[in-house]
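Welcome to this short tour. Open your viewer, and let's see what to select at each stop.

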Amino acid sequence: MTYPFLKGHGTENDFVLLPDPDLHLHGELPASRVAALCDRRAGLGGDGVLRVVRARYVDQPGTGAEQAEWFMDYRNADGSVAEMCGNGIRVFARHLVTEGLADASAPLPVATRDGLKTITFAGGAADGEISVDMGVPRLMGDTTVAVGETSWGAVGVDMGNPHAVAFVESVDAGGPVGPLLAEPTFDRSFYPAGVNVEFVEDVAPGHVRMRVHERGSGETRSCGTGACAVAVASALRDGRAEGEAVTRVVDLPGGTLTVDWTAEGRIVMTGPAVLVARGETDL
Ligand SMILES: N[C@@H](CCC[C@H](N)C(=O)O)C(=O)O
């Protein structure tokens, strides 16, 4: 039996897409199959899997499925389930528009485990940058993270999924953050479900640079929810007032994302999304 797939990325955070509109193709999609697909040597390779499902088959409360035609079923590379993926949802939207399953000229609602997200296509074009209303961030308070013997204070930000943002002198792999081959140490009572850890360096006012170690995927070239968490932590550190609109340009190893914190308190992330391949797999 073979299954259709596509491959795509958003700022080099890369995904295997599994079109499965009527939930016939991939069954339960066990963690072992996700991990096999994401394996970079024995599989297709990816930081995660995006299963494309019609929202009417989703009966989990809180997904917004009743207001959307499509549900993004996101899995990390190790097969674990995550609530939300900021780069993934842009790639998911690119796929829908490219296949004629959605219209780029209108806002596109997509159901996720973190609720309904609304996507807009720059200039209504099917091939431009994509913006996602990521909702209202939830501040979790202060915590600490460590790499080896070096620890930093960090800010907890919930973007639907959990983040710890640490400001550091330099994010270079040759510095204290290092190559991030292993998961940073964090407070498991603060993050009982694990955490995505972002290390951030200032570049210029309103402009930062980051690296990320993702829960369930290891170090990735980019993380959309992570960039949003970083923008929130950076704006708060710089004294953002309640109701003030601020923007952060966030450089990641795989590209640049722009994050707006609106006067209404919502986070809007903008960036590219690219489809690079399609085929069939028997994994
Ligand atoms: N790369 C994603 C985040 C994917 C989920 C994350 N690893 C988690 O487990 O919370 C993004 O672009 O947001």
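Which element gives the most to the shell around the ligand? H2 does, with 3 residues. Before you click on, note that this is a predicted model, where local features need pLDDT of at least 70 and side-chain atom pairs count only at pLDDT 80 or more, while totals for chains, interfaces and linings use all residues. Residues are numbered from 1 along each chain as its sequence is written.

**Stop 1: the ligand.** Select the 18 residues that surround the ligand; a residue is near a molecule if its C-beta atom, placed from the backbone, lies within 6 Å of it. The closest are Ala82, Asn87, Asn161, Gly224 and Thr225. Two elements give two or more residues here: H2 and helix H3 (224-237). Helices are DSSP runs of H or I with at least four residues, strands are E runs with at least two, and both are numbered from the N terminus.

**Stop 2: the domains.** Now colour domain 1 (3-135 + 272-281) and domain 2 (138-265), whose bounds come from an automatic or database domain assignment. The ligand shell lies between these domains because both give residues to it. Their C-alpha centres are 23 Å apart.

**Stop 3: a strand residue.** Next, select Arg211 in strand S13 (residues 207-214). Is Arg211 buried or exposed? Arg211 is buried, because 25 other C-beta atoms lie within 10 Å; the cut-off for buried is 20 or more other C-beta atoms within 10 Å of the residue's own, with C-beta atoms placed from the backbone. Finally, measure from Arg211 to Ile130: they are 22 Å apart in space, C-alpha to C-alpha, and 81 residues apart in sequence.

Conventions
Buried ≥ 20, exposed ≤ 12 C-beta atoms within 10 Å, placed from the backbone.
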